[in-house]
Amino acid sequence: MILRKSALLPLLLTVQTTTAYFAQVNNAHVEFVASAVETVDDRASLQHGTASLWTTLEGALAHKSELGFAAPKIMKLFEDWVERFEKEYEGLEEKSQRMLVWLENHVLIETHNAGKSSSFTMGHNEFSDMTHDEFRQRMHLDEPVPNLPRKEFNFLEFNKEQEETDEANTSNSRLRGSTETAMERKLSEEAEAEDWHAMGLMGPIRNQGICGACWAFSAIGSIESAVAIDKYNAMTSLEQSQLIETASNVMGGANDLGLVIGLSEQNLIDCDVLYEKGCQGGLMITAFDEEEAKTGICSEVDYPYIASQGTCARDDCTPVPGSIVKDHVDIIPRKNNALKEALNTKPVTAAMVASDPTFQFYSSGVYSMEGCGKVTKEMGDDDCNVLYEGQDVCIPDINHGVLVVGYGTDETVSSDVKTFFKVKNSWGRGWGEGGYFRIARFEEDPTDPLTNWGECAILTLLSYPVME
């Protein structure tokens, strides 16, 4: 039997003791998916099981008395969470176990939020009944970084004087080997923004589920956004203005200009196998390399996501026009303003360290955690990764692919961490700020080579695609 929503919840608000609780719940009905409770034996079994659940909670709270948690309130919060995220358990034993995990995470969340010095808040999400080890396994955060073939990086030139004066004009930035300036590929001046999501040129938030293909979600997010930006840039100023006005009226102010065509992550997972490992991990820059030799990407509708790796079926659908990757541009690592400058052109794929327990429950604000992204390996170690010419230390233990979509400053944050990069994740809309998060951005780069890879190593491996 799969235990779902219980009718005893209203009683939990007023009940103060276990005795009073059971006095009121004797006739409560609990809905089961497989079958209803019909017999006396079933009802007795249910009451015994519910008593066991309640006893388990009270026993756990007895060891956390200093926190002042009341059992009825905690039980209601847990049951509300179960209902919100449509959780189903095989029986009361599993539910009891998951409730205890949820409680431990609840303590972590409440303790963090009670502090006044943090720049971000934590909150419950669909992962609240998972231990951090289980979460890491689900997201494949312990998978080793795929071996990156030594390659010549196509760095976007970055003017140090511009960094020091913090000029926004990028007209001197050129793609190596190209006569095209970065300025010529950005949005028109009147529509330029620091947030591609706010501009309506990002695809929807997706959920990678149990497949560790964050790399594919990051790469696809950047490609489908680049296609939309190219469409926008090809319009006249009048057409752009009309589009914005129409989108505002039709979408009710929603962040969507209607130019993004959803592309297939599954297409990359199944077919980009030269360097990538499907659900076991991959990298965006090598995915771009693979796509440069292909004829475009199928739509998400034609090649839907199944959260596992299958046989390549790219020939069974027609690639979306404009989805051929011609080249990709790499961003100089370890420089906050280099990424900021690149974001004036397009969203940028990034690899980061996402293994801190607090990140599992990030809810809002500017994420910043001491030590997150610090280099842990030593040069010469077997698992030390060296990517760049002249690199003086190993790269950090990056384990998650995301898409950086903007930057800004939040003066409402009570801590000193106010400047941020805005990032699109692939853990569903119920995580973070509607599926996005903001992470600390520094006006001056740290000088310590072990810690100057950006907050949680967000500046380690950066690139964006150039479309044909």
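Confidence in this predicted model averages a pLDDT of 82 over the chain, and 75% of the residues reach 70 or more. Two stretches deserve a cautious eye. Over residues 4-48 the pLDDT is below 50, although the model still gives this stretch 58 contacts beyond near neighbours in sequence. The pLDDT is also below 50 over residues 162-193, where 70 contacts beyond near neighbours in sequence appear in the model.

With that in mind, the overall make-up of the chain can be described. Its secondary structure consists of 13 helices and ten strands. The chain has 468 residues, and 52% of them count as buried. Contacts between residues far apart in sequence are well represented: among the contacts with a separation of 6 or more, 73% join residues 24 or more positions apart. On the outside, the accessible surface amounts to about 21000 Å², and carbon and sulfur atoms contribute 50% of that area.

A good place to look more closely is strand E4, which spans residues 325-331. This strand is mostly covered, with five of its seven residues buried. Its pairing can be followed to strand E10, made up of residues 462-467. The two strands run antiparallel to each other and are joined over six bridges. One of the residue pairs is easy to find in the structure above: Val325 has Met467 in E10 as its bridge partner. In a regular strand, side chains alternate between the two faces of the sheet. For a reader tracing the chain, E4 and E10 thus offer a pairing between residues 325-331 and residues 462-467.

Terms used: Residues numbered from 1 in each chain as written. Predicted model: local features only at pLDDT ≥ 70, side-chain atom pairs only at ≥ 80, totals over all residues. Heavy atoms only, no water. pLDDT = per-residue confidence, 0-100. Contact = heavy atoms within 4.5 Å. Helix = DSSP H or I, 4+ residues; strand = E, 2+ residues; numbered from the N terminus. Buried < 20%, exposed > 50% of the residue type's maximum accessible area, 1.4 Å probe, protein only. Areas by Shrake-Rupley, 256 points an atom, 1.4 Å probe, with all protein chains shown as cover. Pairing = 2+ DSSP bridges.
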